[in-house]
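Trainee: Could you take me through one part of this model up close? Pick a helix, and tell me what it sits against and what surrounds it.

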Amino acid sequence: MPVDNRRLWTPEETIPPEFITKYRPTTELVNQNGKRRDGREANQHRPTYLKAGAISQAKGSAYIEMADTKVIAAVYGPREVMKREDFTMSGQVKCVFKFATFSCKTRQKHIEDDREKELSMTILEALKPAIRLDKFPKARLEIFITVLQDGGSALAAAITCGSVAVADAGMEMYDVVIGCSLRQIGERSLIDPTTDEESHRSLSQSDEKSNETSQAMMTVALMPSINQVSSIIQKGELSIDGAKQALKQCLDTARKLHPVIKQCLNKAVEAKLKR
Amino acid sequence: MAEILMSEAERTFILHGIQDNVRSDGRGCEDYRPIELETEVVSNANGSARVRLANSDVLVGVKGELGKPSLDTPEHGRLEFFVDCSANATPDFEGRGGEDLALEISSMLARAYDCPSCLDTQALGIIKREQCWVLYVDILILECGGNLFDAVAIAVKAALGNTKLPVITVRKDENDETELEISDDPYDCERIKILNAPCIVTLSKVGNQHIVDASLQEESCCLSRLMVAVTENGTITASKTSGSGSLNPESIIDMLESGKRAGTLLNKTLHAKLLEEEVKVGTKKKTMGFLT
């Protein structure tokens with residue numbers, strides 16, 4: 001591992017206190033009335049606030065808030081590609097995804113780790129099919145996404161936020177991309193999970209029953225107007241029918257978010273025209 | 001991934017063939033190319049396997065070391081996947097060229113194996129919060145002939161099945177300090193159960209059809225693919241799309257179905273082959289001389 005010497009030194013090995021405490025939440029994830037800990041139905045998305053144009057210096061930017069999940073994205077370029085060997089006739093897109101160091105339960109490192117690198121690649125794969133790359137040959141568009149607070153479903157929020165930022169930058173696109181996550185715990189599928197619901201396995205490790213039920217997490221990126229899925233990423237065991245069902249539920253929820261994005265982009269355009 | 005240049009006529013030829021369920025090498029859309037498998041090829045590793053899937057060549061070595069368990073799973077051992085895209089495979093991998101592909105493969109494998117039913121990591125734990133087995137699964141890509149993910153997953157599963165870890169006993173000495181005792185008999189070893197471990201099936205969308213096990217030529221005709229990690233009983237432990245295109249929701253469902261079919265068949269064939277290999281190598285100590 002490369003060591004970053006320029007920043008303030010902390011002890012070489014530290015443990016967040018949550019791992020030592022014996023505290024476990026006592027309430028069930030879903031109570032008898034079918035309500036989740038935050039009072040939502042199983043298939044209900046958290047209330048979402050979306051704003052385009054959050055960073056004035058960037059070509060395009062967006063900010064999304066899904067209750068405790070807060071993500072900001074900025075788009076710069078397209079800029080000329082300076083290195084000769086990177087030359088291509090279609091446009092290039094670069095995506096950097098970062099968790100702010102204080103955004104998660106455990107502290108994140110400043111240096112990009114493998115998880116962030118993989119998420120960057122996933123977001124890039126989700127956004128690229130929506131962007132008209134032939135419109136900016138020999139140039140590169142740069143998307144920077146930072147998670148300010150991870151309250152669950154950060155990847156889905158980042159995909160939506162990134163696509164709105166690209167649209168806000170005035171890039172020609174086939175469609176916007178909407179991300180949606182689902183957490184499957186046994187028979188229960190929870191749309192748009194919070195961090196508690198995402199990490200449910202590690203909380204209830206001691207009871208043996210939880211090992212037998214399926215535990216999975218799926219994130220889907222949908223382009224709603226042309227009905228195309230640009231990316232799926234899933235982990236954890238699911239049966240084939242379970243996977244199909246999860247996919248359908250994610251797509252349905254993503255379609256419901258489409259009006260929110262439309263309205264947000266409309267507002268941004270109106271604000272730009274007034275200026 | 002390694003790119004090859006192809007003319008428009010060649011592309012059309014491949015595309016039309018796939019539409020009629022006859023591919024350029026005579027296979028159907030859900031057929032694999034011939035697979036060669038060898039286990040126990042590296043004597044210094046705890047387990048190893050080499051897989052050759054037509055022109056794709058992959059060597060996997062598993063080394064077991066003792067380490068500290070991760071914080072959120074104090075009683076479990078863990079697996080670490082490292083992929084090395086050697087520049088022998090294609091000059092594109094020289095320097096940092098293969099890094100993205102390597103990360104993509106290793107994270108897909110890590111996700112596929114990260115579920116309690118497919119690999120029992122609890123059996124790899126030794127002392128809670130203190131000691132556990134860390135299995136370093138190192139994957140070396142020697143030749144790139146299309147469909148790397150599937151070849152790598154087969155090789156990883158075979159290498160894990162071949163892995164022999166020495167038996168460790170935990171004792172307390174007179175000062176009440178824990179001591180680890182490692183058996184020095186090389187035949188006194190533990191094996192890893194891999195019956196439920198997944199195989200990855202890559203489904204490439206070419207035209208309106210999808211195919212399994214795409215060759216390099218077919219890969220360059222395909223804009224988007226879906227990778228699914230399938231276990232023998234047909235469940236999916238991880239999935240992911242890749243490529244620059246997008247997919248229709250209905251076609252994803254079809255692809256999941258054929259992924260399940262191809263995956264269960266692949267797992268069955270692999271298990272039969274591994275059993276055969278096991279008999280050939282033998283698990284019993286061979287007695288030699290009069291004094292043993």
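Mentor: Let's go with α2(A), which is mostly covered: 15 of its 15 residues are buried. Bear in mind that this is a predicted model. The helix covers residues 154–168 of chain A. Its length checks out too: at 1.5 Å a residue, the 15 residues of α2(A) should span 21 Å, and its end C-alpha atoms are indeed 21 Å apart. Just past the helix, A:Gly170 adopts a positive phi of about 80°.

So what does α2(A) lie across? The helix lies across β1, β2, β3, β4 and β5 of chain A, and runs at about 150° to β2(A). Those five strands make an open sheet of mixed pairing, and the order is β1-β2-β3-β5-β4. At the edges you find β1 (48–52) and β4 (92–99) of chain A, each pairing on one side only. On average, neighbouring strands of this sheet are turned by 15° against each other, direction ignored.

Look at the edge strand β4(A) for a moment: β4(A) pairs with β5(A), residues 139–149, in the parallel sense over eight bridges. Within that pairing, A:Cys95 has A:Ile143 as its bridge partner in β5(A). A:Ile143 is worth remembering, since the largest nonpolar core has 141 residues and A:Ile143, A:Ala158 and B:Ala155 are the ones that touch the most other members.

Now back to the helix, with A:Ala158. Setting aside neighbours within four places in sequence, A:Ala158 is in contact with A:Val71, A:Phe97, A:Ile123, A:Ile145 and A:Val147.

The core list also names a chain B residue, B:Ala155, so let's finish with how the two chains meet. Here 31 residues of chain B are in contact with 30 residues of chain A. On the chain B side, α2 (99–113), β14 (236–243) and α5 (249–281) each supply at least two residues; β14(B) gives the most, with seven. By class, that side of chain B has eleven nonpolar, twelve polar and eight charged residues. There is strand pairing across the chains as well: β9 (residues 228–238) of chain A and β14(B) pair in the antiparallel sense over four bridges. In that pairing, A:Ile233 stands opposite B:Lys240.

Conventions:
Residues are numbered from 1 along each chain as its sequence is written. Chains are lettered from A and ligands numbered from 1 in the order in which they are written. This is a predicted model: local features need pLDDT of at least 70, side-chain atom pairs count only at pLDDT 80 or more; totals for chains, interfaces and linings use all residues. Two residues are in contact if their C-beta atoms, placed from the backbone, lie within 7 Å. Ala, Val, Leu, Ile, Met, Phe, Trp, Tyr, Cys and Pro count as nonpolar, Asp, Glu, Lys and Arg as charged, and the others, Gly among them, as polar. Two strands pair if DSSP finds at least two bridges between them. A nonpolar core is a set of buried Ala, Val, Leu, Ile, Met, Phe, Trp, Tyr and Cys residues joined through C-beta atoms within 7 Å. A residue is buried if 20 or more other C-beta atoms lie within 10 Å of its own, exposed if 12 or fewer, and partly exposed in between; C-beta atoms are placed from the backbone. Axes are lines fitted to C-alpha atoms, for helices over the stretch in contact, and angles run from 0 to 180 degrees between N-to-C directions. The expected span of a helix is 1.5 Å times one less than its number of residues.
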